Amino acid sequence: GEDYDNGVSDEDIERFQGYFDRDTVATIDLSDLAKKLPSIKADKEFGRAPFVNKLPSRSLVIAASNDFIVDEEGSRETAKYLGLGSPVIVDSPHDVMLGKNWKNGADAVLEWVQTL
């Protein structure tokens, strides 16, 4: 059938759910990753990436307040590594643009773009 409120068929929903099932198989070995962070390539004085001077002059790091994969400290370290100030923290789980709070992430990006 067709969900006329959203314009999505039952077949499309089943297909999308299949993608989610497939994606849940992908895993990150967080304990292995933790051994490599912060990056050994960061400069010792400021903790920044060696390529910071090649980044666009304006960049953005968005963090999620309910992130169970990357904690707030990790988000701050990422911003520092990229030569930025504090990350923008939005009310969301890790997959900012995929959950029910997606608009929080979109609003943060829009607000940042409007400052450019």
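Here is a short walk through a predicted model, from a pair of rings to a helix and on to a strand.

Let's start with the aromatic side chains. The structure holds one aromatic pair. Its members are Phe 51 and Tyr 81, whose ring centres sit 6.0 Å apart; their planes meet at 85°, so the pair is edge-to-face. Planes over 60 degrees apart are what earns that label. The two partners come from distant parts of the chain, 30 residues apart: Phe 51 lies in the loop between α2 (30-34) and β3 (62-66), while Tyr 81 belongs to helix α3 (residues 72-81). As for how open Phe 51 is, its relative accessibility of 35% makes it partly exposed.

Now follow Tyr 81 into its helix. Which residues of α3 are buried? They are Gly 74, Ser 75 and Ala 79. Looking down the axis of α3, you'd find its buried residues within an arc of 140°, so they line one face of the helix. A bit of helix geometry is handy here: an α-helix has 3.6 residues a turn, so residues three or four places apart point the same way. Part of the cover over the buried residues of α3 comes from β3. After the helix comes Gly 83, with a positive phi near 75°.

That brings us to β3, the strand where Ala 63 is found. Ala 63 is buried, with just 4% relative accessible area. Setting aside neighbours within four places in sequence, Ala 63 is in contact with Ser 75, and also with Pro 87, Val 88, Ile 89 and Val 90. Ser 75 is one of the buried residues of α3. Another of them is Ala 79, and its C-alpha atom is 9.7 Å from that of Ala 63, with their positions 16 residues apart along the chain.

Technical notes
Residues numbered from 1 in each chain as written. Predicted model: local features only at pLDDT ≥ 70, side-chain atom pairs only at ≥ 80, totals over all residues. Heavy atoms only, no water. Phe/Tyr/Trp six-rings, centres within 6.5 Å; stacked < 30°, edge-to-face > 60°. Helix = DSSP H or I, 4+ residues; strand = E, 2+ residues; numbered from the N terminus. Buried < 20%, exposed > 50% of the residue type's maximum accessible area, 1.4 Å probe, protein only. Arc of directions from axis to C-beta. Contact = heavy atoms within 4.5 Å.
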